[in-house]
Amino acid sequence: MTESKIKMVEPPEGVTGEGFFATKLNDVVGMARANSLWPLPFATSCCGIEFMATMASHYDLARFGSERVSFSPRQADMLMVMGTISKKMAPILRQVYEQMAEPRWVIAVGACASSGGIFDTYSVLQGIDKVIPVDVYVPGCPPRPEQIVDGVMQLQELVRNESVRRRSSPEYKELLASYNL
Amino acid sequence: MALETSQIQEKITQKFGANALNFETQKGIFSFEIASDSIHDVIQFLKEDQDLNFHFLTDLCGIHFPDNDEKHQFAVVYHLHNWIENVRIRVKTYLTGNPEVDSMTDLFLSSNWMERETWDFYGINFKGHPQLKRILNMDEMISHPMRKEFPMEDSGRTDKDDRFFGRTTINS
């Protein structure tokens, strides 16, 4: 076993004894969620091309537990919005977000998804956070695959430390209510 | 025999007289202006006349001239193409500040979407269009964004300070 190059996730803090391991449920759930984030790509333009590179063998997002790209919002954990979202497309993005099951996270990849980017114009949504809550913003126009991987790792950190009760907390409900979700 | 511009001019003037004016060649394309109430007849004549035979509508678009007088606030431009002779022409018609013009959908099916687009961006009303509604912009939009009175920028933008983009006169 000492020769093995397989990298395992460190177990959470806990008490080990003969035949048992005691730890907090929060930590176990967080670890499990963080290392199996299924992405739902919502790609409209050049950032989507960078995402394809991120998923492909060289950068290989599968190393982070995101092997299966889910093209159904119902089975996805992490919505990755990549590219310019026009105002006409905003309701569709919202619907996709609404169809995702809790817990769900959102990464805005690139300048357009984060703020509208160079498209400060009447037809373009000035950042997807106008219609859905966003957890991680990845800057760049378009960002390099390294940056997207870093964004996913930042999100993993969020997920790992998220309380299992967060999604039923009044603060979270208030957040959703502020988006009329 | 190739279709000469003088021949087109002669035919149009003969049939429509004073309703057709300003014949000239602009950027290599023969162009003229038609009074807005006879534009449908002119396009129909251009399409159906055996010699002219402009049977293809390449493009249809609007223009806004806010500085012009009341009768020349808007223009609709038709680009027609005769495939047999490979001749193109440009037909313009000027409209008032409350722009209305006859739809070409009965002559060219392709004008359906182009007229919807022109309605969407300029608010030009095409009379007789079967389904005049927005095509590119979101349905909830109330402005016609290519009209000069509407700003190009989105007013919801919060992360841009106008002073750094040269949009305010006072740069302090």
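Q: What pattern does chain A follow along the sequence?

A: Read from start to end, chain A runs β-β-α-β-α-β-α-β-α-β-α-α. That comes from six helices and six strands. Keep in mind that this is a predicted model.

Q: How do I get a feel for the overall dimensions and packing of chain A? What box do its C-alpha atoms fill?

A: Along the principal axes, the C-alpha atoms of chain A fill a box of roughly 65 × 40 × 25 Å. Chain A has 181 residues, and buried ones make up 43% of them. For contacts, look at those with a separation of 6 or more: in chain A, 73% of these come from residues 24 or more positions apart. As for the surface, chain A exposes about 10000 Å², with carbon and sulfur atoms supplying 57% of it.

Q: Let's turn to rings. How many aromatic pairs are there over all chains?

A: Two rings pair if their centres lie within 6.5 Å. By that rule there are seven aromatic pairs over all chains. Take Phe23(B) and Phe30(B): their ring centres are 6.0 Å apart and their planes sit at 20°, so this pair is stacked. Planes under 30 degrees apart count that way. Phe23(B) and Phe30(B) also belong to a cluster with Phe32(B), linked by ring pairs.

Q: Is Phe30(B) buried or exposed?

A: Buried means under 20% relative accessible area. Phe30(B) has 6% relative accessibility, so it counts as buried.

Q: And why is the pair of Phe65(B) and Tyr94(B) called tilted?

A: The ring centres of Phe65(B) and Tyr94(B) are 6.0 Å apart with the planes at 35°, so the pair is tilted. This pair links distant parts of the chain: Phe65(B) is in the loop between β3 (56-64) and β4 of chain B, while Tyr94(B) is in strand β5 of chain B, 29 residues apart. Phe65(B) is partly exposed, at 27% relative accessible area, whereas Tyr94(B) is buried at 18%.

Q: Charges can sit over rings too. Which residue lies over the face of Tyr97(A)?

A: That's Arg104(A), 4.1 Å from the ring centre of Tyr97(A). In chain B, Lys47(B) lies over the face of Phe108(B), at 5.1 Å from the ring centre.

Q: Last one: which residues make the nonpolar surface patch of about 340 Å²?

A: Phe56(B), Trp83(B) and Ile84(B) make that patch. To find Trp83(B), go to the loop between β4 (74-82) and β5 (87-95) of chain B.

Note on methods
Residues numbered from 1 in each chain as written. Chains lettered and ligands numbered in written order. Predicted model: local features only at pLDDT ≥ 70, side-chain atom pairs only at ≥ 80, totals over all residues. Heavy atoms only, no water. Patch = residues over 30% accessible without salt bridge, like charges linked within 9 Å, V, L, I, M, F, W, Y side chains within 5 Å. Areas by Shrake-Rupley, 256 points an atom, 1.4 Å probe, with all protein chains shown as cover. Salt bridge = Lys/Arg side-chain N within 4 Å of Asp/Glu carboxyl O. Helix = DSSP H or I, 4+ residues; strand = E, 2+ residues; numbered from the N terminus. Phe/Tyr/Trp six-rings, centres within 6.5 Å; stacked < 30°, edge-to-face > 60°. Buried < 20%, exposed > 50% of the residue type's maximum accessible area, 1.4 Å probe, protein only. Lys NZ or Arg CZ within 6 Å of the ring centre and 35° of its normal. Contact = heavy atoms within 4.5 Å.
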